[in-house]
Structure formats: structure tokens, C-alpha cells
Amino acid sequence: MEHETVTHTTAEHRLARLPSGTDVAVTVHRYDGGAGPTAYVQAAQHGIELNGTAALRRLHRHLLTADLAGTVIAVPIVNSLAFDHGSYVTPQAVDAVNPNCNRVWPGDETGTLQERIVARLWELIEPTDVVIDLHTGTPDMLEHVRFQLENRKSRTLAAAFGADYLLTNAPSDGEPDDGAADESFQGKLRTAAARAGIPAIVPELSNSRQIDHDAARRGVRGLRNALGELGMLREEPEPTPSQTILRNDEGRIGTDASGLFEPNPDVTVGDRVSAGTELGTVYCPSTFEERQRVTTTDAGVIYSLTRESVVTAGEKVACIAERA
Ligand SMILES: [Zn+2]
């Protein structure tokens, strides 16, 4: 087999200027392996989501000596403002209107700081052939890869990544046309990419707020599998496990009572449950009285379930997804 030499470069890409005069910038890695597609990979749009960044460091080591066809562009930390503050969103001090980076794609060069930052990043993304946007969820959420419903390539890539669960929206959510069907999907990178005709996947690795070595390893394995599927890495993709496709994770179950929530020890994320399954109980911490037994309203798969915690009435404690 013929081995191309990968040319690796890094560049600081200036995105915006803060009131103090300090620049907001990202480090952009470019791995050039000659002819082939261009894949754009990024992590940490949300500042507490560290395992995508950890996966990209492992991918970096691999790509330097890999047999690469095409170009990989990687941005390990998209949102340095949130990252440096250890927060999920961008500090309100610099953008109170659009603190969530993943709600303003493809950005606006005349908009708020966050919109301007995203507009500069979009310039990098728009010419590429595929987008992989790495996120991490809470420890009590199923690790999964989200794909664009109407995009066959996105679905194939999501499957190749190799997570046990794939997630998409219900057809009524209207991707990629999007629009009025569901406001909550607007401004996400995968939606903006869909509109621009770019296949995108969103791996949601486990465990925000900490480096989880297993999650990082699954992340880099998934990235290599996806690049293999694209024909960019000439290596055997790992066999895909039997995968469950879920859709519509918006089946939120909230509490009607405030207090201490204790989940039912007999249920766990990934369980298939029927309507009326007990998910946990809210107790009053002062009087010890049982305030509410929280049950499922519909059948489905437990997609997330809050651990032992203080809850306020109306707060989400679980999500139930449908099997597609
Ligand atoms: Zn995220």
C-alpha cells in the first residue's frame, strides 16, 4: 500500500475582540493527506464538555502517522470563553442575548458576540464535505450519535461511528427544512449544516465536566470509524454493534413536587419501559413525607434519568425516547 505523508499545521483563527482588547481565537489543526474529502471536526461548543477535546488529542496522535486521504480540519475548543469559565454556556457578561453557542449557527457577522464568533467559524465549515460536532452529555444520559433525518450519508456515518444508540428527530420536526416545526432545533450546527447540504453527525459522548478515558477512547474510535467510512483512513472499521435507533428525545418527564428525588434503583438508562413505570420518588427532606411518585406517561426507552438530587417542581427528571 502506498503511504502518503500527512502534513500537519496549526493556526490561530481570530474570531472576535473582547471589550478589554483581548482576542477570542481558536486553534485550528489541519491534517492534509492529499486528494480526498475534507472533514471538519470540532469539540467544546459547550465549555464543560471535555471528552470531545480529549478524543481529538488522541485522533491527533493517530493522524500524524496515518494513511490519510483528504483533509481533516479539527478545532479542539470552539468556545474558549465558556471553557475557561468552566460553564456550559458563554458568560452572560459578553453575550446575554445568545449565551448558547449551539443556538446561533450559522452566525451573523453583524450580530451579538456569539453570533459573530460563530459566523467566523462557519467560514471554515461551509467549504467542507462533512461535519462532526462532538458533545458530551451528563453521566445519566445514554451515549449516542445524533444524525440528520433526511440525510442518508449522515445516517451512514452515525452508524459507522459505532455507538450503541443513534438518535434522530421525529419526521414532524421538519429537518432539514426546519423552520416553525420546532423552535428548539433552530440554530444548531447540524441544522445549519443540513440547510447548507453538508452531512453532519453529533456524537454525544458520556460524562461532562470530567475527562472520562473510556468516553474519550470511544470518541476517537468513532472518529476513526467515521473517517474510514468516508474512505479517508485506509483501515478496517470496527464492526458496528447492534444499534438501537431512537427518535424524539423530547418526551420529558418533570416533577410536580419539590424536594429530594431518589431514582428507582430497578430502572436504568437504556431500559425499555411501558407507560406507568415508576422512575423515582420525590421526598420532602424536612418532613420525610413522600411528595410524588414519578412515573412514565408513555412507553419508550429511558434516555436520561436524573440521579439522586434536589429537584424543584416542574424540573425535568427523565427523558423517554421512542424507538424508531
Ligand atoms: Zn453540548
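In this predicted model, V72 picks up quite a set of contacts once its neighbours within four places in sequence are set aside: H29, R30, Y31, A39, V41, L63, L227 and M232. Two of those partners, L63 and L227, turn up again in the largest nonpolar core, where they sit alongside V72 itself, L56, L68 and L223 as the residues with the most contacts inside the core.

That core runs to 33 residues, and a mix of strands and helices feeds it. On the strand side, β3 (38-43), β4 (71-75), β5 (130-136), β6 (144-147) and β8 (200-205) each put in at least two residues. The helices α1 (51-64), α4 (152-161) and α6 (213-229) each do likewise. Helix α6 gives the largest share, with five residues. Apart from this core lies another one, made of 27 residues, with V24, W105, L121 and L189 among them.

Next comes a sheet further along the chain. Here four strands line up as β13-β12-β10-β15, forming an open sheet with antiparallel pairing. The edges are taken by β13 (290-295) and β15 (309-311), each of which pairs on one side only. Going from one strand to the next, the twist averages 30°.

As for how edge strand β13 is held in register, five bridges join it to β12 (residues 278-283), with the two running antiparallel. One residue pairing can be picked out by name: G280 has V294, in β13, as its bridge partner.

Conventions:
Residues numbered from 1 in each chain as written. Predicted model: local features only at pLDDT ≥ 70, side-chain atom pairs only at ≥ 80, totals over all residues. Heavy atoms only, no water. Core = buried A, V, L, I, M, F, W, Y, C linked by side-chain atoms within 4.5 Å. Buried < 20%, exposed > 50% of the residue type's maximum accessible area, 1.4 Å probe, protein only. Contact = heavy atoms within 4.5 Å. Pairing = 2+ DSSP bridges. Axes fitted to C-alpha atoms, helices over the stretch in contact; angles between N-to-C directions.
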